[in-house]
Amino acid sequence: MATYKLYKLHFTAPVHIGSPREDDDVSLRTIHSDTLYAALMACLAKVGTDLPANGDLGFTLSDSFPYYQKEADSQPVYFLPKPQRVKMPHLDDLSKLKAMKKVAWIEAALYADVLAGADPFAEASAQAAYLTKAELSKDIEGNAEDFVRSEVSQRVTIKSRTGEEDAEPYFVDKIVFKDHAGLYFLAEGNTALLERALKLLSLEGIGTDRGVGFGFFDYEQGQLSIDVPANATHQVSLSLFIPESKAQLEALLDSDAVAYDFVRRGGWITTPPYTTLRKNAIYAFLPGSVFKKINNETTLGRIVDLRPQIGELTPDHPIWRMGRALMLPINIKQ
């Protein structure tokens, strides 16, 4: 049994999460673990907390994942990322198979079947991008719809107060949640600093456009337990993952059943006076990536310093990127 602390975020305002394209008109629909970690660390620094020299706050985070909740007092339905290697059932009905291929999220209550290599589709239905036994949000025609919605609005940049230059329109993508849905994340380790920082983060907001009211949330604490197989041959990541070494990476990939995707992480430095500088970039494996199981550790990966070295302009503090990931054992049926 794997048991994690759970932090459920109910957004009281729209949220915009920067994408790798760094365009305002595209927002991610979830928050990566390294973004959460960096935001929490920044909050601790603002209140004068002494931060560890190695950037390790004592806990490991998952990415944020969606949950659906119809009413404020309803039981939430938590979702976890579909592993890159899940065997699809044989179906004669091609319309059902097409719907199942669109599934990106699996209800946490079904995840034990996924990890054991059983068929998670047997007793659940595909609703939009979600596989669940529960009944999720529906549109006015009674069809399943995604409870995490993207809404694009137009804004205007005024370059000159004299009116001599034309105003330039641009678009901002914001994420809103239907009913009482939202995002949650999991944590393992000593979460004392996390909980201290999360109080401030909920008031400051997360993501971009916080100055115009985006990114604010309320939160609740809970727990999530998942049955895991005892003798699994592989493992699936619940966080962005940066391997500790080339040797570790080679061992993790030493299987025909591995399946993964990755993303480039970097971006602009956000602490004055370095806001015109970019961080170094690094690639990280995305949640849902499946690797060979090489030990019994529940977390793998490392924290890296992305501080650029540019002579006199070099920032006077490290810029930590969290690449340590929560891992769950999984049996792959081929």
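This section describes the overall composition, one sheet and one surface patch of a predicted protein model.

The protein chain has 334 residues, of which 46% are buried. Its secondary structure amounts to five helices and 21 strands. Among contacts in the protein chain with a separation of 6 or more, 72% link residues 24 or more positions apart. The accessible surface of the protein chain comes to about 16,700 Å², and 48% of this area is supplied by carbon and sulfur atoms.

Four of the strands assemble into an open sheet with antiparallel pairing, arranged in the order β17-β14-β21-β18. The edges of this sheet are formed by β17, spanning residues 290-292, and by β18, spanning residues 299-300; each of these strands pairs on one side only. Strand β18 is joined by two bridges to β21, which comprises residues 325-330, and the two strands run antiparallel. Within this pairing, Thr299 has Leu326 of β21 as its bridge partner. In general, the strands of a sheet pair through backbone hydrogen bonds, in either a parallel or an antiparallel manner.

A nonpolar patch on the surface is formed by Tyr260, Phe262 and Tyr283, which together contribute about 340 Å² of accessible area. Of these residues, Phe262 belongs to strand β15, which covers residues 262-265. The relative accessible area of Phe262 is 45%, so this residue is classed as partly exposed. Membership of a patch requires over 30% relative accessible area, a cut-off that Phe262 meets with its value of 45%.

Methods:
Residues are numbered from 1 along each chain as its sequence is written. This is a predicted model: local features need pLDDT of at least 70, side-chain atom pairs count only at pLDDT 80 or more; totals for chains, interfaces and linings use all residues. Side-chain values use heavy atoms; hydrogens and water are left out. Two strands pair if DSSP finds at least two bridges between them. Buried means under 20% relative accessible area, exposed over 50%, partly exposed in between (1.4 Å probe, protein chains only). Contact means heavy atoms within 4.5 Å. Accessible areas come from the Shrake-Rupley method with a 1.4 Å probe; for residues, only the protein chains shown count as cover. Patches are made of residues with over 30% relative accessible area and no salt bridge: like charges are joined within 9 Å, nonpolar side chains (Val, Leu, Ile, Met, Phe, Trp, Tyr) within 5 Å. A salt bridge is a side-chain nitrogen of Lys or Arg within 4 Å of a carboxyl oxygen of Asp or Glu.
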